[in-house]
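Okay, everyone, thanks for coming. Let me put the structure up, and then I'll talk you through where the two chains meet and a bit of strand pairing.

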Amino acid sequence: MNTATAEVQNAAETFEATGARGEADALFRVEGLSKFFEVQKSGFAPKKYLKAVDRISLSVGKAETLGIVGESGCGKSTLGRAILQIHKPTAGKVFFHGIELTGLSEKQMAPFRRRMQMIFQDPYASLNPRYTVGDIIEEPMVIHKLYPPAERRRRVQELLLLVGLKPDHIRRYPHEFSGGQRQRIGIARTLATEPDFIVCDEPISALDVSIQAQIINLLEKIQRESGVSYLFIAHDLSMVRHISHRIGVMYLGSMVEYGPVELVYGAPLHPYTRLLLSSEPIADPKRARATHVHIPEGELPSPIDAPPGCPFCSRCAYILPECTASRPPDYRQPDGRTVRCYQYSQRRRQQRRAFGVADITATQ
Amino acid sequence: MEMDMKMRMNTNAGVNVSMSMNMNMDTNVDVNMNISDDLFLPLDESEKDSEFIAIESRSFIADAARRFSRNKLAMAGFIVLSAVVLLAIFGPVFSHYTFDGQDPSSRNSGSSLAHWFGTDKFGRDIFVRLLYGARISLMVGFVSAGINMAVGIAYGGISGYLGGKADMLMMRVVDIIYAIPSLLYVILIMLALGSNIRSILIGICISSWVSMARIVRSEILKLKTLEFSTAAFVIGASKARILFRHLLINALGPIIVTLTFMIPQAIFTEAFLSFVGVGISAPFASWGTLVQDARAFIDIYPMQVVYPVLAICVTIFSLNFIGDGLSDALNPKSRR
């Protein structure tokens, strides 16, 4: 126990001193992360679990953006929060700079907290209404004792300029700002500790479209200038495509497809990804009329105490016998992405090749 | 940020429209035809003002104070209460009577220039006794409210913030205290510790902090789910920092309102105890003992009862008005 603590402490110190990367090249690596919530209907019934995040693995490189898409309630936000250890994960491991975060105490987490930050969905709820803008942006520096106290105010004003606000806004209160301005205050707070990794939890979904572009451009500018990595959670498909390098598609707690953005958007493999992408509105009415949108039958199953099979099997058009029997594992594809669907198991793909049947992607 | 060419862009658009109209209607020309692009310049960085905020900046407290001062009833209560407090502090100093100075030659006298509110059965000046009573009553009210606030905020805050099993246990303790009639405690404590201010304060505080704890707990339960508390956690704030610097500061409104209603409650309890005979003992006076002393002569000298009762009423009325005013002022949703 003691040696383990010392080891972590050491690792944390070297990390603090040099910013050295671990053996793993990925800045952030998540292995088999699960988060189950206990749902109690009554004290006597057996405990039920809501599988909000189910065995998800991913990695984020330096200056890379990983987009996470999926419908409401699929566990996108829970994934982001479990990665940042806001919700303690039920199972799985999270590595940051090659150091395992899961199992660290809050005290041991402190140096890492500085390097990983979060931008929140609701700019109206994420700023303390009793604090001035200056206090809000300064607080992370106070907690992590970053600059000499006298310099902090100047740093706050630099950050305000960086996000396109005025330095003299420092004494104002959040309620005097618009949604987009508030979101930029939140971003300035996030940047105060100079993080390497930021979870953006639907940062644009509460804003109107013109402001959305403003925020996205700001996030991209920050990435270009400081090399920060993003985990970008959203349900706006075109925005995620625009900002992401790689993308993960979630459905009821499972990461059903995960890979480079051109592949996932260009040739989706998992039936759910294809359904999701076909539901994206097309801006050209002629093309929109010509496109057939496949509307799924069946209901979204309850995530509480889900049946043993694939969570998508109640709505899937390509169902196989094994789909209802057990949850599919992640199958790595030749092009590098992973798909959680039995259709893409080694055996099924070989079968299709042997019989000369095209992959389901081709039969749209 | 980048879309701030509005002024000149607008002009540009206007000109375009007039130009196309000219072409469509084929009327006489050469009005705007010599306008070219190089006549337009993008707005200089220093001229852009899109992030300007016109409204004057006000802090939460300043905003609440402004709303409170517009509430006439609350301001009247505030002025009356201030007068009562000032009289209680400075009144006896300027009077040549004392609370226990007896004058057998003028017993039970009515109002006069010498004795504004008359004298009691021992010839003590009732006005001065009322002011001394105000000292004790107000002190009991404010001190017990202060103690309740400190204990209630700490207990309710920790209970609400920790949640889960700790919250369950802490709230059951509160329920147990709540389930036993508080007068029982108070009277038992008075009997055990003797009739003095200290035991009155202990008696009142031992049971009445639970309502503050409940209010604070429910506020914290609500506030801790908001994103700014998660945000504070993410930037690395400790539990204590989140609870005391982020959550409680936002629960300030309900806390202050509860506080202003706790003061009259404590004054009432003290007056009741003194009236029943277990409160402050002679020759010290509180408003309750004054009523109790005069009760025997209510048919002959009714005014001796009326003065202390009036004092209690006026004080509690003003405290209630202040409480109402504060709850309006601190809750911006009620803003018209």
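Let's start with one pair: Glu139(A) makes a salt bridge with Arg241(B), and the closest N and O atoms there are 2.8 Å apart. Keep in mind that this is a predicted model. That pair is one of two salt bridges found across the interface of chain A and chain B. On top of that, we get nine residue pairs in polar contact across the interface, both partners at pLDDT 80 or more.

So which elements of chain A touch chain B? At least two residues each come from α3 (106–115), β6 (116–119), α4 (133–143) and α6 (179–191) of chain A. The largest share is from α4(A), with four residues. By class, that side of chain A has 15 nonpolar, 11 polar and 12 charged residues.

Now the overall numbers. We have 38 residues of chain A in contact with 25 residues of chain B. People often give the size of an interface as the accessible area lost when the parts come together. Here the buried area is about 3000 Å², and carbon and sulfur atoms give 56% of that.

Okay, over to the strands in chain A. β1 (residues 28–39) and β4 (residues 91–96) of chain A pair antiparallel over five bridges. One example: Phe28(A) has Phe96(A) in β4(A) as its bridge partner. β4(A) also pairs antiparallel with β5 (residues 99–100) of chain A, over two bridges, and there Phe95(A) is partnered with Glu100(A). The hairpin of β4(A) and β5(A) has two residues between the strands, and His97(A) takes a positive phi near 55°.

Methods: Residues numbered from 1 in each chain as written. Chains lettered and ligands numbered in written order. Predicted model: local features only at pLDDT ≥ 70, side-chain atom pairs only at ≥ 80, totals over all residues. Heavy atoms only, no water. Contact = heavy atoms within 4.5 Å. Buried area = accessible area lost by both parts, 1.4 Å probe. Salt bridge = Lys/Arg side-chain N within 4 Å of Asp/Glu carboxyl O. Polar contact = N/O pair within 3.5 Å; in protein donor to acceptor, adjacent residues only side chain to side chain. Nonpolar A, V, L, I, M, F, W, Y, C, P; charged D, E, K, R; others polar. Pairing = 2+ DSSP bridges.
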